[in-house]
Amino acid sequence: MSLLVTSNTPDNLNSGYNQEGINKSYSYQNHLNDTFKIGKNSEIAVQSVKINRSSNIDINEANSIYSFYFGEEIGLNGRQKEVLSIPWCTSFASSEDSLFFGTGDNRVSLHSNSLNRFNGNVDNIGRMMKASLNRALWHPNLMLNASSGVNPGANVEPLRNGSGLDWLGWKLQVTNTDGSKNASHISASWMGAGYNGRVTGDDYTYNTNTGVLTAPVGNDDPCVGIKYPLSLANGSFEFKDFDQATYGRYGLSRALDFDEPNYFDRDGPLDIDYDFYDYVVQIDDGTMGGTAGDIEVLFAGTDGSVSALEMIKLDYGKVLNAAALNIEKICFNIKNERVKIQIEDDKAAVTVLCDGTSATSGSNVKPVSMTCRYLYPKIEMEPGKTVTITDFYGVDVANHQYYGYNLVNTVKEPTYTDYWAHVFLGDGIGGVPGFFNGQAEAIDTDYEKNISRINQLGLNVNNQCDYKVQFFFANDVRYINTANTNSQFFMGFPNRSLVNVANTTAAGSPFTLTYQSDEPPEMKSTNSLFVRLKNMTFNSVNLAKGHNSKILYHLPTFSNTGARTGALFFEPNERVYLKLNNTEDLFLSTLEIDLCYADETLATDLQGKSTVCLHIRDA
């Protein structure tokens with residue numbers, strides 16, 4: 001009789017969680033210095049098994065729904081329409097975005113075909129959760145940046161103890177980029193038709209060396225710089241050398257697709273046929289009711305009397321004239337919700353037209369809300385006219401697309417970056433067509449801060465957007481799109497539905513926020529494990545797979561101590577021997593051992609050190 005002790009590592013303590021090559025916790029080889037003789041007509045059984053199992057978790061629609069929110073926190077008795085953001089409801093079990101609304105028989109699930117039941121270990125689930133969270137951020141300063149040093153994007157990973165073996169729950173990380181990460185990113189593509197809310201329009205010419213933008217001859221339609229959205233953490237759009245007495249519009253706009261928002265009234269209260277801009281400085285040429293060179297500031301807003309956006313004129317005081325004052329520069333600056341517009345004359349004297357801090361509504365343009373977080377430079381000039389772009393602090397969002405989707409063989413594949421573009425330009429790829437369009441429309445036309453335009457939030461002491469990152473793992477009656485959240489136990493927050501206070505904040509820029517589970521979620525081992533000897537001569541049959549196998553032993557659901565996750569030890573009361581079918585002596589130099597599931601795929605939920613002891617005797 002012989003006892004063979006095998007292990008994936010000879011060390012007493014395996015310090016590495018991820019094993020590679022031939023030393024994985026669930027698939028390893030042991031090599032003998034000398035050959036080992038197994039006498040003829042022998043049989044083999046498993047003596048004992050010691051493993052460390054992180055186990056698998058079942059995730060599905062019943063335990064994986066959550067909402068992510070980046071915005072102003074609502075007071076205890078507050079209402080959603082008092083703020084400018086809404087939560088985004090989705091599922092960790094989804095390969096796409098999935099929103100939920102309604103209750104009971106009226107509950108509607110979007111993209112329910114992508115809500116798959118999934119059974120996997122915590123590392124695989126963590127990767128799914130990370131992908132899901134990065135599809136729910138909807139803010140340029142939270143998104144994964146083309147440079148990971150600027151913003152690494154959201155991250156979800158299993159939280160483990162110092163040994164790296166015991167699972168403690170989840171670690172969620174979100175990075176809110178501060179103004180120190182701003183850089184001058186100016187679009188080299190200034191597109192005409194289809195990008196500016198108009199069917200017509202030629203592309204403008206942009207010189208990347210001089211920053212000069214030139215309007216095409218014979219065309220005075222607007223164009224949009226589509227490459228980068230503006231940073232909302234002290235990002236600026238500045239230009240100079242514009243014609244001071246000739247008609248021109250210079251501003252910022254959300255993404256457009258041939259048509260303006262279907263709730264935009266082009267005539268509006270001014271009874272003038274306006275193009276859509278979220279914010280625009282207009283130079284009068286003397287034909288629009290003023291003197292040539294008069295400076296007007298307008299924005300697409302609402303006074304609350306009608307459910308529509310209209311171009312509203314800002315009352316910044318006595319009308320200033322660009323030609324008379326020799327205005328050389330105009331600058332838009334965004335600090336979270338606050339939009340600052342200022343002009344500068346030839347003597348470098350600066351006049352601020354608005355900055356979002358006034359206690360008088362009429363002295364502020366509308367605040368930046370969730371519908372217009374992605375703002376692009378939009379310019380309209382007379383044919384052949386030029387302007388010099390001196391600064392545009394665009395955010396280099398990874399995999400960014402102006403429309404919010406990629407068109408692949410006529411199929412719109414969403415990029416999950418811009419909330420408004422996703423809902424409106426994607427023709428329902430982000431929700432039931434019309435329903436979530438209605439939520440976006442309500443933000444623009446019915447939410448109170450867009451009507452009153454006071455109490456706008458700026459930046460915090462770290463020069464970041466002064467908003468809270470909030471996770472909803474169970475319903476919060478103050479917030480819409482949270483009624484069906486059900487993941488607080490799965491996420492390890494059994495005593496609170498709202499998680500919005502970080503466990504730690506990085507000491508330096510970009511100030512990554514880290515949230516950790518309050519306690520480890522309950523783990524259940526649902527998949528059976530088997531010991532497989534790949535290079536031995538016994539025979540077994542796996543009827544579940546319908547073919548012969550090299551499985552030697554089935555590990556029970558519970559270990560000898562009653563545990564089913566963590567460090568487990570199995571020793572059968574009665575060993576089951578299989579004949580090696582060796583009519584002659586066998587000489588063994590290598591043992592190849594797998595720990596697998598019933599379908600004979602490797603048990604990747606194992607970690608650390610695995611030990612399998614085998615017993616060989618005469619048949």
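These legends walk through several close-up views of one predicted model.

**About the model.** This is a predicted model, in which local features need pLDDT of at least 70 and side-chain atom pairs count only at pLDDT 80 or more, while totals for chains, interfaces and linings use all residues. Residues are numbered from 1 along each chain as its sequence is written, and side-chain values use heavy atoms, with hydrogens and water left out.

**View 1. The whole chain, for orientation.** The chain holds five helices and 41 strands; helices (H or I, at least four residues) and strands (E, at least two) are DSSP runs, numbered from the N terminus. Of its 619 residues, 55% are buried. Here buried means under 20% relative accessible area, exposed means over 50%, and partly exposed lies in between (1.4 Å probe, protein chains only). About 25,000 Å² of the chain is exposed, and carbon and sulfur atoms supply 47% of that area; accessible areas come from the Shrake-Rupley method with a 1.4 Å probe, and for residues only the protein chains shown count as cover. Among contacts with a separation of 6 or more, 72% are between residues 24 or more positions apart, a contact being heavy atoms within 4.5 Å.

**View 2. A four-stranded open sheet with a helix packed on it.** The strands follow the order E7-E6-E30-E31, with antiparallel pairing; two strands pair if DSSP finds at least two bridges between them. Strand E7 (88–91) and strand E31 (498–499) are the edge strands, each pairing on one side only. Four bridges link strand E6 (residues 65–71) to E7 in the antiparallel sense, and Tyr66 has Thr90 of E7 as its bridge partner. Look next for helix H1 (residues 122–134), which packs on the sheet and touches E6, E7 and E30. The direction of H1 makes about 45° with that of E6; axes are lines fitted to C-alpha atoms, for helices over the stretch in contact, and angles run from 0 to 180 degrees between N-to-C directions.

**View 3. A seven-stranded open sheet and its two edges.** The order here is E14-E15-E27-E17-E23-E24-E25, and the pairing is antiparallel. Strand E14 (205–206) and strand E25 (350–354) each have a single partner strand, so one side of each is left without a neighbour in the sheet. At the E14 edge, two bridges join E14 to strand E15 (residues 212–214) in antiparallel fashion, with Tyr206 opposite its bridge partner Leu213 in E15. As a reading aid, side chains in a regular strand alternate between the two faces of the sheet.

**View 4. Trp190 and its surroundings.** Trp190 sits in strand E13 (residues 190–191). Which residues does Trp190 touch, not counting those up to four places away in sequence? They are Asp203, Tyr204, Tyr206, Leu213, Cys223, Val224, Gly225, Pro377, Ile379 and Ile389. Tyr206 and Leu213 will be familiar from View 3, where they are bridge partners. Trp190 counts as buried because its relative accessible area is 2%. A polar atom of the Trp190 side chain lies 2.7 Å from the backbone oxygen of Ser187. Ala215 is 25 residues from Trp190 in sequence, and their C-alpha atoms are 9.9 Å apart.

**View 5. Strand E22 between a parallel and an antiparallel partner.** Four of the five residues of strand E22 (residues 309–313) are buried. Strand E19 (residues 264–265) runs parallel to E22 and is joined to it by two bridges, with Phe264 opposite Leu309. Strand E21 (residues 295–301) runs antiparallel to E22, with four bridges between them, and Leu298 stands opposite Lys313.

**View 6. Three loops with backbone features to check.** Between strand E32 (504–505) and strand E33 (512–516) lies the loop that holds Pro510. A cis peptide bond joins Ser509 to Pro510, with omega about 15°. Asp241 is not a glycine, yet its phi is positive, at about 60°; Asp241 lies in the loop between strand E17 (233–240) and strand E18 (248–253). Asp241 is partly exposed, with a relative accessible area of 47%. Asn463, also a residue other than glycine, has a positive phi near 65° and lies in the loop between helix H4 (448–452) and strand E30 (468–472). Asn463 counts as partly exposed because its relative accessibility is 26%.

**View 7. Two buried cysteines.** Is Cys331 buried or exposed? Cys331 is buried, at 9% relative accessible area, and Cys613 is buried too, at 12%. A search of the whole structure finds zero disulfides, a disulfide being a pair of cysteine sulfur atoms within 2.5 Å.

Key: A polar contact is a pair of N or O atoms within 3.5 Å; within protein, one must be able to donate a hydrogen and the other to accept it, and residues adjacent in sequence count only if both atoms are side-chain atoms.
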